[in-house]
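Some labels attached to a structure rest on a cut-off or a count. The turns below take a few such labels and trace each back to its value.

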Amino acid sequence: MSKSIWYFINSGACSPSFNMALDEALMDWHSEGLLPPIVRFYGWTPATLSIGYFQNVEKEINMDAVRNHNLGFVRRPTGGRGVLHEHELTYSIIVSEDYPNMPATVTEAYRVLSEGLLIGFQKLGLNAYFSVPDTEEKKSDLKNPKSAVCFDAPSWYELVVEGKKVAGSAQTRQKGVILQHGAILLDLDEDKLVSLFNYPSDEVKERVRRGLSKKAVAINHLRETPVTIEECVDAFKEGFAEGLDVNFQPYMLTIEQMEYVKQLEIRRYANDEWTYRK
């Protein structure tokens, strides 16, 4: 039996508002039956802090620090907490909720869609596995996160190595389509990351900073030889192809599709009303 054909897009480094607009546009086109399921890889220019759909900027984010570090800033269409997109490969998966054997629940769909991440990390020589909170304290942390920092704790079925989170993912479902996207860390500047958020006290901020190194780790902290973006693209492209049991076909957007993305970018992701809404 022949494998399904999915599109593969490697966008390279793009602006934060364009990245989010393209992810949403791909959802739109897939929901309308114009494109098959898609896996997309991309980067960020400039380095960017993205926040989850439900986060409160004024309450949770230190915008002075964001500006001082010359970072981009964008609100994602997905939930979750703040992510510093700097030394990483970002991925997105767009697929229908009714795709064959796709679990109905968000948690189980994470497991299926993240199988490619697991294989990708293994191809880079890392002993990655899925996190499953196994104590009441860990389960409580999922319901009541201790900070606004995404990598402060692993969620159900996110990828960990040696007990530490190596990839953070988020998911939304709209128009019958699943969008899952996430960050694969090559390196992590823990001090910079922690500085971007507000805390009730200096003591809490220091506790988060100290704890981060115990909870999150980047690929290059786990390997003797640093990995390049190109190596990551190859490993995770193969990983997703195996994990999803599909063949990839490279795809480039048409001029008309690019115009659609740019209009969506202007209307939403480059719009302060969207970014700073409460």
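Q: Why is Glu162 called exposed?
A: In this predicted model, Glu162 has a relative accessible area of 63%. The label exposed applies over 50%, so Glu162 qualifies.

Q: What is the sign of phi at Glu162, and where does the residue lie?
A: Phi is positive at Glu162, about 55°, although the residue is not a glycine. Glu162 lies in the loop between strand 8 (159-161) and strand 9 (164-165). Most residues other than glycine have a negative phi.

Q: Why does Lys175 count as exposed?
A: Its relative accessibility is 58%. The cut-off for exposed is over 50%, so Lys175 meets it. Lys175 lies in the loop between strand 10 (167-174) and strand 11 (177-185). In the hairpin of these strands, which has two residues between them, Lys175 takes a positive phi near 55°.

Q: What makes strand 10 and strand 11 a pair?
A: Pairing requires at least two bridges. Eight bridges join strand 10 to strand 11, so the requirement is met. The two strands run antiparallel, and Ala167 stands opposite Ile184 in strand 11.

Q: Why is strand 10 described as largely enclosed by the rest of the structure?
A: Six of its eight residues are buried. Buried means under 20% relative accessible area.

Q: What makes the peptide bond from Thr45 to Pro46 cis?
A: Its omega is near 0°. Pro46 is in the loop between strand 2 (38-44) and strand 3 (48-51). Most peptide bonds are trans.

Key: Residues are numbered from 1 along each chain as its sequence is written. This is a predicted model: local features need pLDDT of at least 70, side-chain atom pairs count only at pLDDT 80 or more; totals for chains, interfaces and linings use all residues. Side-chain values use heavy atoms; hydrogens and water are left out. Helices (H or I, at least four residues) and strands (E, at least two) are DSSP runs, numbered from the N terminus. Buried means under 20% relative accessible area, exposed over 50%, partly exposed in between (1.4 Å probe, protein chains only).
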